Amino acid sequence: MFEQIEGSQAVAKAIALCRPEVICAYPITPQTHIVEGCAEMIRTGAIQNCEFINVESEFAALSVAIGSSAAGARTYTATASQGLLFMAEAVYNAAGLGLPIVMTIGNRAIGAPINIWNDHSDSMALRDAGWIQLHAETNQEAADLHIQAFKLAERLSAPVMVCMDGFILTHAYERVAIPDQAQVDAFLPPYQPRQILDPADPYTIGAMVGPEAFMEVRYLAHDKLLQALSVIPEIQQEFKEVFGRESGGLFHGYRVEDAETVVVTMGSLAGTVKDLVDEVRENGAKIGVITLCSYRPFPLDGLRHALQGAAKVIVLEKSLALGFGGVLAADVRTALHGRDTHIHTVIAGLGGRPITRKSLARMFARVERDDLKDPHFLDLDLDIVRREIDNQRSQITAGPIAENILREIGPCGPKAV
Amino acid sequence: MSDMTAEQKVKFYQKGTFTAGNRLVDQARRSVQASMERSNAITSGHRACQGCGEALGARYALDAAMRATEGQLIAVNATGCLEVFTTPYPETSWQVPWIHSLFGNAAAVASGVAAAMRVKGREQVRVVAQGGDGGTTDIGFGCLSGMFERNDDVLYICYDNEAYMNTGVQRSSATPPTARTATTPAVGPEPGNVFGTGKNLPLIAMAHNIPYVATASVANLHDLERKVEKAVAIRGARYIHIFVPCPLGWGSASHDTIRIARLASECGLFPLFEAEHGEVTGSIPIRRKVPVEEYLRPQKRFAHLFKDGGGERIARLQRMADANIKRFDLLREAEEAPL
Ligand SMILES: Cc1ncc(C[n+]2csc(CCOP(=O)(O)OP(=O)(O)O)c2C)c(N)n1
Ligand code: SF4
Ligand SMILES: [Mg+2]
């Protein structure tokens, strides 16, 4: 049934339909509406047979989830940003223990300086922890991916993060088809763990593994994520059969068949880029978009294949590896290793900086003219940056960057000028 | 206790140990450890040091919990000596379902297990979380306090050997003043751990108003088992803090583990008491009070106290012991002989 609904509420309803047994959460913007929605549905009885646990930190949220999942309960939690980093140790642990926990990330920047708006720094920081990371493009896909995530997690015995852009998706009202319970039940069977904590069959879980076996254990964890490369499309297909909708999968292509330039991106940004692609194509430019849904596992072969016709690739990402450059761009470069494809790294939207069609169009034009330095920082205020770098050269300044700018240059941003 | 008094008219002390010997009590009242049917929750073959108080304490506690739950028990373990010495992959000493996740999250993992048991309608299965003093009083304190505050149905047991042993004997917030550890060396004007620091977790647990808090010692098996059995019979958050000497970290003889644990309580430094909903409901009176020196002397971590200038520091420790004795009224006439 279609509903005009906030992204977070759509996700909460999708979670409810998955018959979760334990939900634990700690509030952080922009995740809050999701878990508030879950809490409400448990109180009203819309979610039956489920424990909602208000924990004292994100570290505890995921730790409670580890306990309940290991004891055989279908478990869900959600976080973002500082919260994800606060639970980092447990993030690795949940994956190492092979627990099929599903966790929403309302993608948000990481401080300092503290910032509540969207970029992908948070989930990127934990990309190698052994979790499957799926990115939603729309709120429909966000809702659908959660339903798929439980199936995927439980089939592979691996945890899944469903990433959705903070505010842009979590707080946006859109028309979303909310499935009915019978459909979800047909798609998602009850969780049947292979091994749980059970007095009838006592197992030791989480033993200390030394050098003699650790490599094998790690390799198998890696292999499990590689298996997901085929399981994700299978589940996408199964989902389509039940719900009649295309959602999820490894990535979506848009007008890539004949494209000479392809933008590779993730998350809600794809919508803006697609609109622009349509516009630019009217002027004859052959451009397309690939939106990655599965960032981990990373579909190296699939992407290599999909990009074979592209002379230029623009990796448009909301993350920055300080002291290195683009994060997604590095992965795309690995996928295109040995080809002479021209790859541009474009870093955009950090800390919620709006990514406008105007700026993107300007950037596309520069790519067409081969006039873009790599990496390119979309809409970076070079004047402020240069003046602050010069200041730093002339004196030894220790201290927080944001406050240094204030002291030495004054406030930045449109209001300041 | 009252039915015990009725049955137990005779006070019998064994020479030397001052505890009632198993063979002197009737079958039904003998310790779980004395029973052929004990579960051996931690079975032999683990890698603990000789005389490890923690290995003993954990077996005592879990065997008692296993009997009290008729085997319906799940254990969660924090990182630390107990976890490391019991689970050298591919072997395990645990004969109960057992999970280790991280150093600082045992209480939260246990909350999760308990939630799963509730939602699965298996509430007869009881959950025990366990950790060392570091995993409990320091890094795991946030999760522990959260578990207490929510009154989650978990029995948390802390095995207190007064330092981070697994990483090579560093100071924790349970390390007593003057104790030498690798990070509080016995040098300088204030050798060993400093005075005026540390936290008393049993009292902090009581401040959460949880249904049950107790301290116990490996030197008093009957009391320890009774407290575990009592705790297991209660629903909600429960906390037992067990004193477990560590021969390696304390520099004591491995055959002295029980003796040192007994001296800790007899001098007053480690009072044995229990509390319900934040109120002290009982304590074990000291039968033969000893000066703190007697407890300190057999341990190398306190050796510097017996050199020049140690007298004042010993006197300060004695004052701490005396304060405990007063607070818990430990020198009152023993009304009955607690087993
Ligand atoms: C997050 C984290 N920090 C530090 C460690 C290292 N570490 C492992 S065990 C341990 C000491 C455990 O001390 P305690 O909890 O008192 O238990 P004990 O070994 O003394 O029984 C430490 C510091 C760790 N495993 N994880
Ligand atoms: S170091 Fe101490 S606590 Fe650890 S195994 Fe040895 S005696 Fe036991
Ligand atoms: Mg310790």
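## A site shared between chains

Ligand 1 is surrounded by residues from chains A and B, so its site is shared between the two chains. The model described here is predicted. In total, 17 residues surround ligand 1, and the closest of them are Glu54(B), Cys81(B), Gly134(B), Gly135(B) and Met165(B). By class, this shell consists of 6 nonpolar, 8 polar and 3 charged residues. The element that gives the most to the shell is helix α5 of chain B, residues 133–138, with 3 residues.

Several of the closest residues place polar atoms beside oxygen atoms of the ligand. In the side chain of Glu54(B), an N or O atom is 2.7 Å from an oxygen atom of ligand 1. For Gly134(B), a backbone N or O atom lies 2.8 Å from an oxygen atom of ligand 1. A polar backbone atom of Met165(B) is 3.0 Å from an oxygen atom of ligand 1. On its own, ligand 1 has 590 Å² of accessible area, of which the protein covers 77%.

## The surroundings of ligand 2

Which residues are around ligand 2? They are Ala48(B), Cys49(B), Cys52(B), Cys81(B), Phe85(B), Asn161(B), Cys246(B), Pro247(B) and Leu248(B). This shell divides into 8 nonpolar residues, 1 polar residue and no charged residue. Two helices of chain B, α3 (81–86) and α9 (247–250), each supply at least two residues of the shell. Cys81(B) is also listed among the closest residues to ligand 1.

Pro247(B), a member of the shell around ligand 2, lies in helix α9 of chain B. With a relative accessible area of 10%, Pro247(B) is buried, because the limit for that class is under 20%. The C-alpha atom of Pro247(B) is separated by 7.8 Å from that of Gln50(B), although the two residues are 197 residues apart along the chain.

## The magnesium ion

Ligand 3 is a magnesium ion whose protein donors are Asp133(B), through OD, Asn161(B), through OD1, and Ala163(B), through O. These donors lie 2.0 to 2.1 Å from the ion. Along the chain, they follow the spacing D-x27-N-x1-A.

Asn161(B) and Ala163(B) are both buried. Asn161(B) also belongs to the residues around ligand 2.

## Cysteines without disulfides

How many disulfides are there over all chains? The count comes to 0. Cys293(A) is in no disulfide, and the nearest cysteine sulfur, which belongs to Cys163(A), is 9.6 Å away. A disulfide requires two cysteine sulfur atoms within 2.5 Å, so this pair does not qualify. Cys293(A) counts as buried because its relative accessibility is 0%.

Cys143(B) is likewise in no disulfide; its nearest cysteine sulfur is that of Cys24(A), 11 Å away. Cys143(B) has a relative accessibility of 4% and therefore counts as buried.

## Backbone features

Most residues other than glycine have a negative phi, and most peptide bonds are trans. Two cis peptide bonds may be described against this background. One joins Ala112(A) and Pro113(A), with omega of about -5°. Pro113(A) is placed in the loop between β5 (102–107) and α6 (121–125) of chain A. Another cis peptide bond joins Tyr89(B) and Pro90(B), where omega is about 10°. Pro90(B) lies in the loop between α3 and β2 (98–100) of chain B.

Positive phi values also occur in residues that are not glycine. Ser157(A) has a positive phi of about 55° and is found in the loop between α7 (139–156) and β7 (160–165) of chain A. At 26% relative accessibility, Ser157(A) counts as partly exposed. In chain B, the phi of Asn209(B) is positive and near 60°. Asn209(B) is found in the loop between α7 (201–207) and β5 (212–217) of that chain.

## A polar contact in chain A

Where does Asn404(A) lie? Its place is in helix α15 of chain A, which comprises residues 401–408. Is Asn404(A) buried or exposed? Asn404(A) counts as buried because its relative accessibility is 3%. The side chains of Asn404(A) and Arg407(A) are joined by a polar contact of 2.6 Å.

How values were computed:
Residues numbered from 1 in each chain as written. Chains lettered and ligands numbered in written order. Predicted model: local features only at pLDDT ≥ 70, side-chain atom pairs only at ≥ 80, totals over all residues. Heavy atoms only, no water. Buried < 20%, exposed > 50% of the residue type's maximum accessible area, 1.4 Å probe, protein only. Donors = N, O, S within 2.8 Å, 3.2 Å for Na, K, Ca; no water. Near = heavy atom within 4 Å. Helix = DSSP H or I, 4+ residues; strand = E, 2+ residues; numbered from the N terminus. Nonpolar A, V, L, I, M, F, W, Y, C, P; charged D, E, K, R; others polar. Polar contact = N/O pair within 3.5 Å; in protein donor to acceptor, adjacent residues only side chain to side chain. Areas by Shrake-Rupley, 256 points an atom, 1.4 Å probe, with all protein chains shown as cover.
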